[in-house]
Amino acid sequence: MTSVRLGIVGLGTVGCGTLSILRDNASLLAQRTGCDIRVSTAAVRDLSRPRTCDTQGIRLVNTPLSVATAADVDVVVELMGGTGLAVDVVRTAIEAGKHVITANKALLAEHGNELLALAEAKGVMVAFEASVAGGIPVIKALKEGMAGNAINWVAGIINGTCNYMLTEMAKPGNDFAPVLKEAQRLGYAEAEPSFDIDGIDASHKLAILASVAFGVPLSRQGMLIEGITMVTADDIAWADDLGYKIKSLGIARRREAGIELRVQSALVPKSKLLANVDDVMNAVMVNGNAVGTTLYSGAGAGGLPTGSAVVADIVDVCIAMRTGQVLRPALGIAMKDLSPLPILPSSEIQTAYYLRLSVTDAPGVLAKISAVLAHEGISIEEMRQQPDSARSAAALVLLTNVVKEAAFMNALTQLSALTDLKSPVAWLRVEHLA
Ligand code: NAP
Ligand code: HSE
């Protein structure tokens, strides 16, 4: 049997999930790979901290860089996170001729072009299935299962923390702060939770998805990035009433002039499968020019689900090492063959919109609002009104047709200047995912 020695950097949520799978499924993995897979060393920050996984027989160190150069490590599994030391660990491992597996989407989105080019030059593999959508094998689906397609668009729920929080916030009495705390306790949230709630984590994942889908370099430049902090319980309730759920989505769409890339909170019709993906679950829809639309869903965060994707990469790398087979390029095509495409400005986005206005309950107000929309070529598809007699106000909720964002923004500026407003206009995009 071929012996493969792993060095794991980080034994937190994902590291311990990975180690537990390697131990629990050891004989199955040996059968599947034809390899004797051992973890020879692992790096942590605090050697005295109790671990949630069994570290017996593993040399524990607090020097991550030493794992990258250790003589008894063939494959470095980077699960420490961040874009500081982790980048040095990965770069050093590649330079030392070691294969690398990582779950670190921030590292890939920020430094992936350099690191993957280095890996190609050194003839080593870099695998990152766990970096997007936790346990869902969507990178493999794009690179392998859909290799015969030109990809038209990818859209999905790619942040488990946000999906968990939006699901919980739809239940009565659940506020933002305690729900976030629970997501942290469950091991879903990033070390810096603003990465989740401000859409940054999803933007890293979307950069990776877009790169694999469209063969473009890894980049977030020009991407529209919005979080979930603007979503209120009122909007969730109104959306529900209108037949929608609010989801945090990552969308990458190939248009003639370039790519639309956006992370946003949006209304999704309840009739769509994506609207019914709740809690920490993720789901990614991929539309290819041959196959049409496909959907991948499963747990998007957590130790065992994410570890499942890490171990899948370990299996691939082990088999490649044993057979001498060359894995596909990390992004599906060689780094030198990637071709940049312009990222379209947000003014070019084409979608429908949800608007919520609190206005003076007086004759003529609705006429003013519809005049503004009509002037920008925007049609009202649906409208609801609820009187608020205590404030002599009315809540008006509108859904528009699909328009260019530039037109919507013009309308929004004019609506926001109306003297009949009781509070700022709330708005969200509406995605029909077709
Ligand atoms: P985590 O629970 O915070 O674990 C990080 C681990 O790295 C800990 O064991 C920590 O050591 C170690 N570490 C951090 N800095 C170190 C340093 N300077 N020196 C030595 N060890 C260091 O993080 P995680 O949630 O497992 O996430 C790991 C990576 O997976 C991140 O890139 C994350 O974005 C990604 N990811 C996470 C999930 C998820 O569900 N959590 C899902 C997909 C991808 P100590 O334990 O001693 O502090
Ligand atoms: N914080 C991330 C999330 C972890 O909630 O989706 C998985 O990548």
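Mentor: A polar contact is a pair of N or O atoms within 3.5 Å; within protein, one must be able to donate a hydrogen and the other to accept it, and residues adjacent in sequence count only if both atoms are side-chain atoms. This is a predicted model: local features need pLDDT of at least 70, side-chain atom pairs count only at pLDDT 80 or more, and totals for chains, interfaces and linings use all residues. Residues are numbered from 1 along each chain as its sequence is written, chains are lettered from A and ligands numbered from 1 in the order written, and side-chain values use heavy atoms, without hydrogens and water.

Trainee: How far does a backbone N or O atom of Gly-12 lie from an oxygen atom of ligand 1?
Mentor: Start with Val-14, where a backbone N or O atom lies 2.8 Å from an oxygen atom of ligand 1. Lys-105 uses a polar side-chain atom, at 3.1 Å from a ligand 1 oxygen. For the backbone atom of Gly-12, the distance to a ligand 1 oxygen is 3.1 Å.

Trainee: Which residues come nearest to ligand 1?
Mentor: A residue is near a molecule if one of its heavy atoms lies within 4 Å of it. There are 24 residues around ligand 1. Those that come nearest are Val-14, Asp-46, Arg-51, Glu-190 and Gly-302.

Trainee: Which residue has a polar side-chain atom 2.7 Å from a nitrogen atom of ligand 2?
Mentor: The residues around ligand 2 include Thr-161, Glu-190 and Lys-205. The Thr-161 side chain has an N or O atom 2.6 Å from a ligand 2 oxygen. For Lys-205, the side-chain distance to a ligand 2 oxygen is 2.8 Å. The partner of the ligand 2 nitrogen is Glu-190.

Trainee: How much area is buried between domain 1 and domain 2?
Mentor: By an automatic or database assignment, domain 1 is 2-135 + 303-335 and domain 2 is 138-299. Their contact (heavy atoms within 4.5 Å) takes 24 residues from domain 1 and 23 from domain 2. Buried area is the accessible area (1.4 Å probe) that two parts lose on being put together, summed over both. Carbon and sulfur atoms give 61% of a total of about 2,000 Å².

Trainee: Which helix gives the largest share of the side of domain 1 that touches domain 2?
Mentor: Between the two domains, 13 residue pairs are in polar contact, both at pLDDT 80 or more. On the domain 1 side, helix 5 (105-122) and helix 12 (303-323) each supply at least two residues; helices (H or I, at least four residues) and strands (E, at least two) are DSSP runs, numbered from the N terminus. The largest share, eight residues, comes from helix 5.

Trainee: Which residue forms a salt bridge with Glu-110?
Mentor: A salt bridge is a side-chain nitrogen of Lys or Arg within 4 Å of a carboxyl oxygen of Asp or Glu. The interface of domain 1 and domain 2 has four. For Glu-110, the closest N and O atoms are 2.8 Å apart, and the partner is Arg-220.

Trainee: How many residues apart in sequence are the parts that Arg-23 and Asp-54 tie together?
Mentor: Their side chains meet in a salt bridge at 3.9 Å, N to O. Arg-23 lies in helix 1 (13-24) and Asp-54 in the loop between strand 2 (35-43) and strand 3 (59-61), so the separation of the tied parts is 31 residues.
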